[in-house]
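Here are some worked exercises for you to try with the model open beside you. Have a go at each task before reading its solution.

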Amino acid sequence: MPKPVIEDAIVQDSPRVKTSSRHILPSLFRRRLPAQRARTDIEDIEYIPVHDSSEPETQSGGKPPLRLIGFVLLVILPFLASSVYYAFIASNQYVAEARFAVRAVSGAGDTSDAGDPGGATSALNMRSASQDAYVVTSFIHSTEILNRIGKKLDYRAMFTRQNADFLSRFSSARSDEEFLKYWNDHVSAYIDVTSGIITLKVRAFTPDDSVKLADAIIEESEKLINELSERARNDIVQSMKADVQKSGKTYGDTLAALNQFQNASGLLSPQMQAKNSGTLLTGLLAQKLEFETRLFVMRQSNAQNSPTYQQLNLAKDSLDAQIEKMRSELTGPENASLAKALLDYSRLETDRMIAEKLYESAQKNYDAVLAEALRKTLYLAVFVKPVLPDESIFPRRVSTPLIILLALIVTWATLSLIWASVEDHRI
């Protein structure tokens, strides 16, 4: 038996040592009573018990440390469980891949110009429809495609197979919203921003199911593109047709107004009538001038009493009455004058001509839009079709457990650092 050292006895027997061990400052800076100054400073010395190195140290009565227990519970056991699952339980999953793009065809240039050597080649302009490509990818991840595919395939049965493992397969009792999340985990479609190419990947428990689903998704996506293209064509055609109908109605109204004016005024063409009246008035004025000249000569000859003079004077009076009547017809009262009729006719004729030009322009635009709409403006170009996969890609039986192990170690280390920080603050 080893002999107890004197320091142990002093520490156990002296209450002064216990009291001094609770002090923080050294004895040099503590005030002493006058009666205690003669004592030695041995009472102010803290004594550390010396243990025999031959006796093993234990913590908490021989229990293992908490860090080791936490490492086993948080790292070792989950890693072993995931390794067993991915090595022996996880079902094989096969991936079918397809690649396609949404293309647009639009008319470009005037092909009617025979002198343009590039007219025939520039008639069709092929370009990438990036916005429609985003519409297709959004459609693939929506419930609408599930409703359409469900009319031809039992897609739920493909993911609820009993031979699949319990963690990978989908439970038939779960809701449609939960299946949509499951669908988005097994069906992915993303766009290459630079080229606009859509890459589709479908993951299923059998090779046949993955290919069937991929073909169904491509078929429904192509139908969607055709529907969008047809809807756009119908919208623009209906719009142009409405313009043609509106302009045609306006043109018809102007014709009816012009016809009503002609019937009310009795003038087929006031312009022609005014021209004829002007010509007739000019002739009457010329005859009047001739008669006045002859009458002037006869007055100079003192032949006022001759029958010829009387006849010429009567003819002149008749010409004056006719000239006055013609002038009243041309520039008489506002409601009865030919000038007013000519003004109204010109306004109606101008409205008719404008309506006619608008109607011809609308009809020409409608014919051009209709000819353009007959072509398929949008289509789905599939250049990598889904093929039957030879081997399963998922699950990754080696890399996935290693990634899980790395994540568990990082988590355990983080929690250990947090716990150590808490303990330091407690001290």
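**Exercise 1.** Locate Lys385 and decide whether Lys385 is buried or exposed.

*Solution.* Start with the chain: Lys385 sits in the loop between β5 (378–384) and α12 (399–426). Helices (DSSP H or I runs of at least four residues) and strands (E runs of at least two) are numbered from the N terminus. Next, take the relative accessible area, which is 62%, so Lys385 is exposed. The classes are buried under 20%, exposed over 50% and partly exposed in between, with a 1.4 Å probe and protein chains only. Then look for partners: apart from neighbours within four places in sequence, Lys385 is in contact (heavy atoms within 4.5 Å) with Glu97 and Ala98. Finally, check Leu200, which is 185 residues away from Lys385 in sequence, with 10.0 Å between the C-alpha atoms.

A word on the ground rules: this is a predicted model, in which local features need pLDDT of at least 70 and side-chain atom pairs count only at pLDDT 80 or more, while totals for chains, interfaces and linings use all residues. Residues are numbered from 1 along each chain as its sequence is written, and side-chain values use heavy atoms, with hydrogens and water left out.

**Exercise 2.** Describe the surroundings of Ser91 and of Asp209, starting with the question of where each one lies.

*Solution.* Ser91 belongs to the loop between α3 (66–89) and β1 (94–107). Its relative accessibility is 12%, so Ser91 counts as buried. A polar atom of the Ser91 side chain lies 2.7 Å from the backbone nitrogen of Asp165. Beyond four places in sequence, Ser91 touches residues including Asn163, Phe205 and Arg397.

Asp209 lies in helix α8 and is buried, at 5% relative accessible area. The side chains of Asp209 and Thr206 are joined by a polar contact of 2.8 Å. Such a contact is a pair of N or O atoms within 3.5 Å; within protein, one must be able to donate a hydrogen and the other to accept it, and residues adjacent in sequence count only if both atoms are side-chain atoms. With residues up to four places away in sequence set aside, Asp209 touches Met158, Arg161 and Ala204.

**Exercise 3.** Find how α4 and α8 are oriented to each other.

*Solution.* Two packed helices are described by the angle between their axes and the distance between the axes. Helix α4 (residues 130–140) and helix α8 (residues 207–265) pack at about 135°, with axes 10 Å apart. Axes are lines fitted to C-alpha atoms, for helices over the stretch in contact, and angles run from 0 to 180 degrees between N-to-C directions. Angles under 35 degrees count as roughly parallel, over 145 as roughly antiparallel, 65 to 115 as roughly perpendicular and the rest as oblique. α4 and α8 are therefore oblique to each other. For the residues, Asp132, Val135, Val136, Phe139 and Ile140 in α4 meet Ile217, Glu220, Ser221, Leu224, Ile225 and Leu228 in α8.

**Exercise 4.** Work out how α3 and α12 are oriented to each other.

*Solution.* The axes of α3 and α12 come within 9 Å and cross at roughly 165°. That makes α3 roughly antiparallel to α12. Among the residues making the contact are Phe71, Leu74 and Phe79 of α3, together with Ile404, Leu408 and Trp412 of α12.
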